[in-house]
Amino acid sequence: MAADNINADAITKAPPPIFPDGASDPEVGKITDYEKRKAMAGDAHFHRMGWRGLALILIVEAVALGALSLPQCFAVLGVVAGTFVSVIFGLLAIVAGHNVGALKCKFPHVRSYADAGAVLFGKLGFAKAGYEFVYAVFLLELIFVSGSHCLTGTIAFNDLTNKGACGIVFGVVSAIILFAVSVPPTFADMQFLSFVDFGSIIAAIGITIIATGVQASQSSGGMASVDWSWAPKENVSTHEVFVAVVNIILAYTFTLCQFSFMDEMHTPTSYSKSVWTAGLAEIVIYTLTGALVYVFVGVDVKSPALLSGGPTISKIAFGVALPVIFISGAVITQTAARLVHGRIYANRVERYVNTPKGWITWLLTVFVIVAIGWVIAEAIPFFSNLVALISSLFNSGFALYLPALMYFTVLREGPWTSRENLLKGFVNGLMLVCGIIVLVGGTWASIQSIIDDYRKGTVGGSFTCS
């Protein structure tokens, strides 16, 4: 009986998501023995992740093929400024991760960024509005990123097959693969695939670095003939600088899903080790990738950089990187599905996805999210630039200024004049300012890129084979 009472409490009394729609459902509280057993099993199944698992899935969320766009950023900024920006914003990402983790530990009922929005806006008396606003923005961001992985899969299959089929066919294939990989309902279930993902992206980066290094050494004049520089490239425009800096900053957005990941930890207070592991790993991967490939290729380095290795190398690297496209995309898709499914069944045993009804609705939720993302990606001819625009508008908050506001509004303890708070206040203030700069500058740069593409006539059509 004691176990049954604990189970009933898990459904009806444990802190649910803020403003669950099912709170007034007359069926809530009418809990059968079957539901009690399923709730106990489900709760245990959804709290299996340790700090190593969290560190790995944070890396998987952040480090994808976007890492291979960084050499082009270094080509704009130069090695010195590129390295500085990469390291500084990597450290700020670690601070942001600490703030997110601290908020989760202080408010255990926070299961996603939407719940965090209710906490932050609640300080101003707008908790409900804050929840709904952040929920909508967060879900939109996740759907767009999910769609971008479908599009990236299409590009990869086109490259691997020399456009052996219509792009729409490859898009459908990519969507089917993304759906299949996104089916596991818990992030802990993804840990094995996370190892595959991490090995895949490291191998793709390694192949690119080695191939471009060998090509540079064997070229006429050797390494000395490569056109690279410690300083920013000549006649660089403000627009180009903003795009380069924003791309580097947004590569560190591992806090986007951190609340959702931490909700599956058996010991959430151990998050600090995960944040430092993920943050330092990203700093090393991004800085070395950006600097080395730029030095080996020069100012003409392409984005993604694996295209700079030539047709054969790009096919090998794309083939090795295929798991990254779909596993990293699946983590984002899962987060979106958990957001929707968890809200539908906020106080019901179905949210654990271990009953027939829970499984059916989970599969439908994942399918709808993948389908919407795919349709948006195919329908909008400037989708890649639109993703950059959405990221500038929203990720600037999730990665920078919202974590900073968490410190200033609910996390700071003790007087402002203490040495610890003066240091933390300065760092979080810097993060807040950087977030606003990315919001304004990144949005402007993304819109300008869309305008420029239309002027050049490089914008394609909707649902085309190209």
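Okay, before anything else, one definition: a residue is called exposed when its relative accessible area is over 50%, and buried when that area is under 20%. Keep those cut-offs in mind. Also, what you see above is a predicted model.

So let's start with Asn162. Its relative accessible area is 58%, so Asn162 counts as exposed. You'll find Asn162 in the loop that runs between α6 (127–160) and α7 (167–181). And there's a backbone detail here: phi of Asn162 is positive, about 55°, although the residue is not a glycine. For background, most residues other than glycine have a negative phi.

Now, is Val353 buried or exposed? Val353 has a positive phi too, about 50°, and again this is not a glycine. Val353 sits in the loop between α12 (311–344) and α13 (356–379). But the relative accessible area of Val353 is 4%, so Val353 is buried. So that's two loop residues with positive phi, with Asn162 exposed and Val353 buried.

Let me step back to the whole chain for a minute. What does the secondary structure come to? We have 15 helices and zero strands. The radius of gyration is 23 Å, close to the 23 Å that the globule rule gives for 466 residues, so the chain is as compact as a globular protein of that length. If you're thinking about a box, the C-alpha atoms fill roughly 80 × 60 × 40 Å along the principal axes.

Some totals for the same chain. Buried residues are 52% of the 466. Take the contacts with a separation of 6 or more: 85% of them are between residues 24 or more positions apart. On the outside, the chain exposes about 19300 Å², and 69% of that comes from carbon and sulfur atoms. As for charges, there are 27 positive and 28 negative, and their mean positions are 5 Å apart.

Okay, on to some buried helix residues. Asn395 is in helix α14, which covers residues 383–411. Asn395 has 6% relative accessibility, so with the cut-off for buried at under 20%, Asn395 counts as buried. What does the side chain of Asn395 make a polar contact with? The partner is the side chain of Glu141, at 3.2 Å. Leaving out residues up to four places away in sequence, Asn395 touches Glu141, Leu250, Thr253, Leu256, Ile390 and Leu400.

Next is Ile94, over in helix α4, residues 70–106. Here the relative accessibility is 2%, so Ile94 is buried as well. Which residues does Ile94 contact, apart from neighbours within four places in sequence? They are Phe254, Val275, Trp276, Gly279, Leu280 and Ile283. There's a long-range pairing to look at too: Ile94 and Ala399 are 305 residues apart along the chain, and their C-alpha atoms are separated by 10.0 Å.

Last one, Thr212. Look for Thr212 in helix α8, residues 191–218. Its relative accessible area is 2%, which means Thr212 is buried. Setting aside neighbours within four places in sequence, the contacts of Thr212 are Val293, Phe296, Val297, Ser308 and Gly309.

So, to wrap up: we've got a predicted model with 15 helices and zero strands, and 52% of its residues are buried. If you want somewhere to start looking, there's the Asn395 to Glu141 side-chain contact, and there's the positive phi at Asn162 and at Val353. Okay, that's me done.

Conventions:
Residues numbered from 1 in each chain as written. Predicted model: local features only at pLDDT ≥ 70, side-chain atom pairs only at ≥ 80, totals over all residues. Heavy atoms only, no water. Helix = DSSP H or I, 4+ residues; strand = E, 2+ residues; numbered from the N terminus. Buried < 20%, exposed > 50% of the residue type's maximum accessible area, 1.4 Å probe, protein only. Polar contact = N/O pair within 3.5 Å; in protein donor to acceptor, adjacent residues only side chain to side chain. Contact = heavy atoms within 4.5 Å. Rg over C-alpha atoms; globule rule 2.2 N^0.38 Å. Areas by Shrake-Rupley, 256 points an atom, 1.4 Å probe, with all protein chains shown as cover. Lys, Arg positive; Asp, Glu negative; His and termini not counted. Charge placed at Lys NZ, Arg CZ, Asp CG, Glu CD.
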